[in-house]
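Here is an informal walk through one chain, going from a single helix out to the whole fold and back to a couple of residues. Have the model open while you read.

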Amino acid sequence: MMQWSQPEPYSYAGRVGTLSEHLGYSATEKLLICNADDFGLTEGVNRTALELYADGVVSSTTIMMTGAAIASGIELLRGSGLDCGVHLTLTSSLQHRPAKPVSDASQVKSLLNEHGEFYYDRNEYFEHALPSEAILEASAQIEAAFDTGLEISHIDSHEGTLQLKPAFAAAYVELARQHALPIRMGSRALLHQLGLPADWIEKLRSSGLHFPDNLVYTPIDSFNSLEQRTAFVVGLLQSLPTGVTELFFHPLNPDYLNSDGLVQDEITRFRVWDYQILRSKAYTDAVAASGAQLISFAPLRELCRRGAAS
């Protein structure tokens, strides 16, 4: 069962209030960010995110500057209206299509295997990666995203490689501060559950940064069936608290499996499940019943920008 944190009042622009109130809503409002992760991974992932956005299902995406389909994906994003952040990527998502760094490979050797590619296994990444090199690469990905001319709304971390270990997370927070961008961040309850220090929340707020009150973190392979995962997501929406909650998925329309040339393994199946959940009546009914309003990260970015300018 998900442990929710209640929205906490904090000071911003001379006013004490919850994030919802700083955004111009009431303290009792339920606001939902539905993010489609991994934009740029494949052409099918890109098209899926844009279709779900056009149908009002997702409100945000995050781009992988290391993705094989990122160049064509950026062209699709231009003018689409879909809010996009940077999905800082330091591991390879597809075992048969390893990713390479944006920065000079000679400067980030600890992130790479003997073939000069990102590790596929996150545990191998944590075994070898140096925080200084991880941040160098993450910074290069952010700069590359800004260079596209897209309006970048936030940053987050693929597979938690910059969030799940304190030495990496401290620098991750600093990157958000430097760029005045909102950040994917766990609530107090989630940080406690993961064994991470809750004082990160104060550090971000004291730096003038903003982030959702709650983040739903569920590993992509946590469920044995589509029905089980659907029931979990519906249960979350039925107990959705007030404030801003980020719920993220990795959707892939199964119609694109063949054109993407993907190996139909377990990870691919979970991506298809996420698409099927978002397209299901059970999901849309649960969102409607919750009374939640769909928003993106863009309003949070404006709070960060105003704070940095003051």
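Let's start with helix H5, residues 131-147: at 1.5 Å a residue its 17 residues should span 24 Å, and the end C-alpha atoms are indeed 24 Å apart, so the two agree. The expected span here is 1.5 Å times one less than the number of residues. Helices (H or I, at least four residues) and strands (E, at least two) are DSSP runs, numbered from the N terminus.

A word on the source: this is a predicted model, where local features need pLDDT of at least 70 and side-chain atom pairs count only at pLDDT 80 or more, while totals for chains, interfaces and linings use all residues. Residues are numbered from 1 along each chain as its sequence is written, and side-chain values use heavy atoms, with hydrogens and water left out.

Which residues of H5 are buried? They are Glu133, Ala134, Ile135, Glu137, Ala138, Gln141, Ile142 and Ala145. Buried means under 20% relative accessible area, exposed over 50%, and partly exposed in between (1.4 Å probe, protein chains only). In an α-helix there are 3.6 residues a turn, so residues three or four places apart point the same way. The buried residues of H5 pack against strands S4 (60-63), S5 (83-88) and S6 (152-157), plus helices H4 (122-128) and H6 (166-179). After H5 comes Gly149, with a positive phi near 90°.

Now zoom out. The chain holds 13 helices and nine strands. For 310 residues, a compact globule would have a radius of gyration near 19 Å, and the chain agrees with 18 Å; that radius is taken over C-alpha atoms, and the globule rule is 2.2 Å times the number of residues to the power 0.38. Of contacts between residues at least 6 apart in sequence, 74% join residues at least 24 apart, contact meaning heavy atoms within 4.5 Å.

Back to single residues, here are two to click on.

| Residue | Location | Relative accessible area |
|---|---|---|
| Thr66 | loop between S4 and helix H3 (70-77) | 15%, buried |
| Gly307 | helix H13 (residues 298-309) | 25%, partly exposed |

What does Thr66 touch, not counting residues up to four places away in sequence? Its partners are Thr89, Ala99, Lys100, Val102, Phe118, Glu137 and Gln141. Two of those names, Glu137 and Gln141, are among the buried residues of H5. As for Gly307, Ser11 is 296 residues away in sequence, yet their C-alpha atoms are 11 Å apart in space.
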